[in-house]
Amino acid sequence: MTELLVVDGLHKHFPAPRRGVGTVRAVDGISFAIDAGEALGLVGESGCGKSTVARTVMRLYQPTDGRIRFAGRDITRLSRREMRPLWRDMQMVYQDPYSSLDPRMTVTELVGEPLRIHRRHTPFDRRRRVVELLELVGLDPTFTHRYPHEFSGGQRQRIGIARALALDPRLLILDEPVSALDVSVQAQVLNLLRSVQKTLGLAFLFVSHDLAVVRHVSHRVAVMYLGRIVEMADVETVYSAPSHPYTRALLAAVPVQHPSERGRRPRALLDPGRRDADEPASGCRFRDRCPVSTAVCRDVDPPYRLVGPGHVAACHHPGTSEPAMTGATP
């Protein structure tokens with residue numbers, strides 16, 4: 001497979017004088033790659049830096065450090081003017097379908113806007129392309145003259161997806177695309193995304209706090225905690241053999257699908273501990289909440305360990321469910 005997106009040592013820090021600290025390290029040195037046609041899920045709890053990664057990769061934020069390469073080109077320091085032609089090949093679907101669409105524009109105008117901005121097609125061909133896109137995302141093409149307030153949340157998100165697909169991108173960055181939708185509607189949108197990804201051969205960076213959601217659309221999963229990726233592997237490995245204690249805790253929090261499964265899944269109780277990115281403490285940043293934390297975790301930032309084929313974890317005691325040695329932190 002050909003690497004489409006390569007992120008190497010990415011940092012994004014924000015000044016935070018009002019919080020009494022100099023810097024918030026929202027993204028603090030992460031690396032990953034996405035092949036053409038591959039879907040990578042990026043998961044973690046709120047505030048871990050997932051959305052900041054998405055916006056920085058799209059170059060909506062200027063990276064503090066690190067490098068971003070897209071289709072073999074270094075885009076880390078490109079200006080907005082230089083990025084504009086590249087945005088044809090990388091598009092974003094936002095979390096809130098209610099605020100991401102201009103309420104004064106019709107569906108034809110919303111979905112056709114990228115075509116107009118990038119001067120694609122004649123006005124007649126643009127209208128025809130809008131109809132094709134609506135049919136692709138499962139919307140009635142007669143809806144073209146309606147406004148966003150006339151649609152449900154799921155339909156609005158389908159409009160957002162159609163707009164993102166208008167320019168035939170190679171990479172789609174989806175920032176919590178179903179978190180604002182009802183559960184039944186979530187399944188419909190996820191099925192649509194999986195179908196679109198397979199039909200068009202798109203690469204996905206799928207950002208979510210929900211491991212159950214990511215499982216349906218991703219080939220690999222990267223788990224984030226306080227600005228760092230702590231575990232990454234193919235989706236089945238992460239779900240069947242999680243190595244990092246934080247990944248196991250996230251999986252334990254996923255609701256069971258059937259009452260008969262209750263009590264069978266091991267519980268993972270975490271101490272509230274330290275959960276902010278304001279100048280993280282030395283050593284492992286998960287150490288204050290980790291049930292297997294030991295003395296080495298207090299002093300040494302864990303390196304990535306290869307714990308299986310294509311499976312890495314940033315942990316001193318990967319796969320351990322009990323304290324690995326004496327001297328565990330309280």
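Two strands are taken to pair if DSSP finds at least two bridges between them. In this predicted model, β11 and β12 (residues 311-314) meet that criterion with four bridges, and they run in the antiparallel sense. Within this pair, G308 stands opposite H311 of β12.

Both strands belong to an open sheet of eight strands. The order across the sheet is β6-β7-β8-β3-β9-β10-β12-β11, and the pairing is mixed. The edges are held by β6 (90-93) and β11 (304-308). Each has a single partner strand, so one side of each is left without a neighbour in the sheet. Neighbouring strands are turned against each other by 20° on average, with direction ignored.

Helix α5 (residues 153-165) packs on this sheet. The helix touches the edge strand β6 and also β7 (171-175). The direction of α5 makes about 175° with that of β6. A second helix, α9 (residues 245-252), lies across β9 (220-225) and β10 (228-234). Helix α9 runs at about 105° to β9.

One residue of helix α5 was examined further: R156. R156 is buried, yet this residue has no salt bridge. The nearest side chain of opposite charge belongs to D96, 6.8 Å away. A salt bridge requires a side-chain nitrogen of Lys or Arg within 4 Å of a carboxyl oxygen of Asp or Glu. Neighbours within four places in sequence aside, R156 is in contact with P97, Y98, L101, P148, H149 and F151.

Methods:
Residues numbered from 1 in each chain as written. Predicted model: local features only at pLDDT ≥ 70, side-chain atom pairs only at ≥ 80, totals over all residues. Heavy atoms only, no water. Helix = DSSP H or I, 4+ residues; strand = E, 2+ residues; numbered from the N terminus. Axes fitted to C-alpha atoms, helices over the stretch in contact; angles between N-to-C directions. Contact = heavy atoms within 4.5 Å. Buried < 20%, exposed > 50% of the residue type's maximum accessible area, 1.4 Å probe, protein only. Lys, Arg positive; Asp, Glu negative; His and termini not counted.
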